[in-house]
Amino acid sequence: MQPVAIYHKHFTAYLEENIQSREPRGLYDPILYILNLGGKRIRPILTLLTAEIFGKNYQEALPAALAIEVFHNFSLVHDDIMDDAPLRRGKETVHEKWNLNTGILSGDAMLILAYQYFEKYNPETFQALAKLFSKTALAVCEGQQWDVDFEVRDDVTINEYLKMIEYKTAVLVAAAMKMGAIIAQTSKENCQKIYDFGLNLGIAFQLQDDYLDAFGNPETFGKQVGGDIIENKKTYLYLKALELASAEEKNSLLDLYSIQPNDNSEKVASVKEIFIQTKSSKLTQEAIALFTEKAFTVLETLEIGDAQKSVLRKFGESLMKRDV
């Protein structure tokens, strides 16, 4: 197994070699742009790491890792359009830099490109990867639709929210890991367990993202801090605050989520204060720790050595300590 930084380096080189702009430039330049914005590359790194955890050279997992990263960025391009987001990783979003139609079409092309990378595998492996990918991609779309539906509902529960982030975010983390396991040709039991590990880690990761959206450092977070509050998104922080708020706090929170002021800074500050006063911020951090621990419980049942388990545990711990 390699250090995470080495996986990142080799994956980036593979991406640069295989993703290049070509004609028509109006279609491919935005793809190159979003992929070159960098990011943490967590999902492809997990694919490479998992392949080696189960005894296969990471290089054999590079095409699948690239497919995962291209699909992930495709979803970001379209999510940014739906959210009318101005920034992604601290830079202009694709639809802001070009236009709405370009964002839609370049995103569509990325989805097709993602499927093409699986063609580098033998038929049996291709079938297993493509089947998992199709199921995962559809789940991500379902999660995104629930996210949209929640914007106009006043009765969203915490369990519904957790299900939404499981589909929208966690299944792709889980699939990234299972793809590495499939390529390594490990047992079906190990494939399922590493999927479950990734699923719980993915939920914890998204809850951490929600927390950082409100309380992160704008210099390191890479997105507009307070963006979820500005968009009136019913995150875990919001739902837990409603559950625990006094009548006065609840009315204030509902009022704040019903307005779109010209200057959002006061709204964001007021909502964050309610999150703190209701202990919603603290309980969100506890939920992050809970799902991380669920992942580690699954980890202990994997049929791999202690050294491999230690690598996965350290990676999970590093995700939860991030500030970006």
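Reader: Let's start with overall shape. What radius of gyration does the chain have, and what would a compact globule with 324 residues have?

Author: Keep in mind that this is a predicted model. For 324 residues, a compact globule would come out near 20 Å, and the chain has 20 Å, so the two agree. For a feel of the outline, the C-alpha atoms fill a box of roughly 60 × 50 × 30 Å along the principal axes.

Reader: And what is the chain built from, in helices and strands?

Author: Count 16 helices and two strands.

Reader: How many of the residues count as buried?

Author: The cut-off to remember is that buried means under 20% relative accessible area. By that test, 54% of the 324 residues are buried. As for the outside, the accessible surface is about 14900 Å², with 50% of it belonging to carbon and sulfur atoms.

Reader: Which share of the contacts joins residues at least 24 apart?

Author: Take the contacts between residues at least 6 apart in sequence: 73% of them join residues at least 24 apart.

Reader: What about charge? How many positive and negative side chains are there?

Author: There are 35 positive and 46 negative side chains, and the centres of the two sets lie 5 Å apart.

Reader: Now backbone oddities. Which peptide bond is cis?

Author: Look at omega for this one. The bond from glutamate 23 to proline 24 is cis, with omega near -5°. Proline 24 sits in the loop between helix H1 (4–18) and helix H2 (25–36).

Reader: And phi? Where do arginine 41 and aspartate 84 lie?

Author: Both are worth a look for their phi values. Arginine 41 has a positive phi of about 55° although it is not a glycine, and its place is the loop between H2 and helix H3 (42–53). Aspartate 84 also has a positive phi, near 55°, again in a residue other than glycine. You'll find aspartate 84 in the loop between helix H4 (62–83) and strand E1 (87–88).

Reader: Is arginine 41 buried or exposed? And aspartate 84, buried or exposed?

Author: Arginine 41 has 5% relative accessibility, so it counts as buried. Aspartate 84 is at 54%, so it counts as exposed.

Reader: I always check cysteines. How many disulfides are there?

Author: The general idea comes first: a disulfide is a covalent bond between the sulfur atoms of two cysteines. Here the count comes to zero. Cysteine 141 is partly exposed, with a relative accessible area of 46%, whereas cysteine 191 is buried at 9%.

Reader: Helices next. Why is helix H12 described as largely enclosed?

Author: A quick reminder about helices: an α-helix has 3.6 residues a turn, so residues three or four places apart point the same way. In H12 (residues 236–244), seven of the nine residues are buried, so the helix is largely enclosed by the rest of the structure. Those buried residues are Tyr236, Leu237, Tyr238, Leu239, Lys240, Ala241 and Leu242.

Reader: What covers the buried residues of H12?

Author: The cover includes helices H8 (158–183), H9 (188–215), H13 (247–256), H14 (265–277) and H15 (280–299).

Reader: Let's try single residues. Where is glycine 226, and what does it touch?

Author: Glycine 226 is in the loop between helix H10 (218–221) and helix H11 (227–230). With a relative accessible area of 0%, glycine 226 is buried. Leaving aside residues up to four places away in sequence, it touches Asp213 and Val268. Its C-alpha is 9.8 Å from that of tyrosine 211, which is 15 residues apart from it along the chain.

Reader: How should I read sequence distance against distance in space?

Author: Compare two pairs, C-alpha to C-alpha. Glutamine 2 and leucine 48 are 46 residues apart in sequence and 9.5 Å apart in space. Glutamate 96 and aspartate 306 are 210 residues apart in sequence and 47 Å apart in space.

Reader: Which residues do glutamine 2 and glutamate 96 touch?

Author: Glutamine 2, in the segment before H1, touches Tyr7, Glu52 and Tyr58, not counting residues up to four places away in sequence. Glutamine 2 is partly exposed at 32% relative accessibility. Glutamate 96 lies in helix H5 (residues 94–97) and is partly exposed at 38%. With residues up to four places away in sequence again not counted, glutamate 96 touches Asp84, Ala85 and Pro86. That brings us back to aspartate 84, the residue with the positive phi near 55°.

Conventions: Residues are numbered from 1 along each chain as its sequence is written. This is a predicted model: local features need pLDDT of at least 70, side-chain atom pairs count only at pLDDT 80 or more; totals for chains, interfaces and linings use all residues. Side-chain values use heavy atoms; hydrogens and water are left out. Helices (H or I, at least four residues) and strands (E, at least two) are DSSP runs, numbered from the N terminus. The radius of gyration is taken over C-alpha atoms; the globule rule is 2.2 Å times the number of residues to the power 0.38. Buried means under 20% relative accessible area, exposed over 50%, partly exposed in between (1.4 Å probe, protein chains only). Contact means heavy atoms within 4.5 Å. Accessible areas come from the Shrake-Rupley method with a 1.4 Å probe; for residues, only the protein chains shown count as cover. Lys and Arg count as positive and Asp and Glu as negative; His and the chain ends are not counted. The place of a charge is taken as NZ of Lys, CZ of Arg, CG of Asp or CD of Glu. A disulfide is a pair of cysteine sulfur atoms within 2.5 Å.
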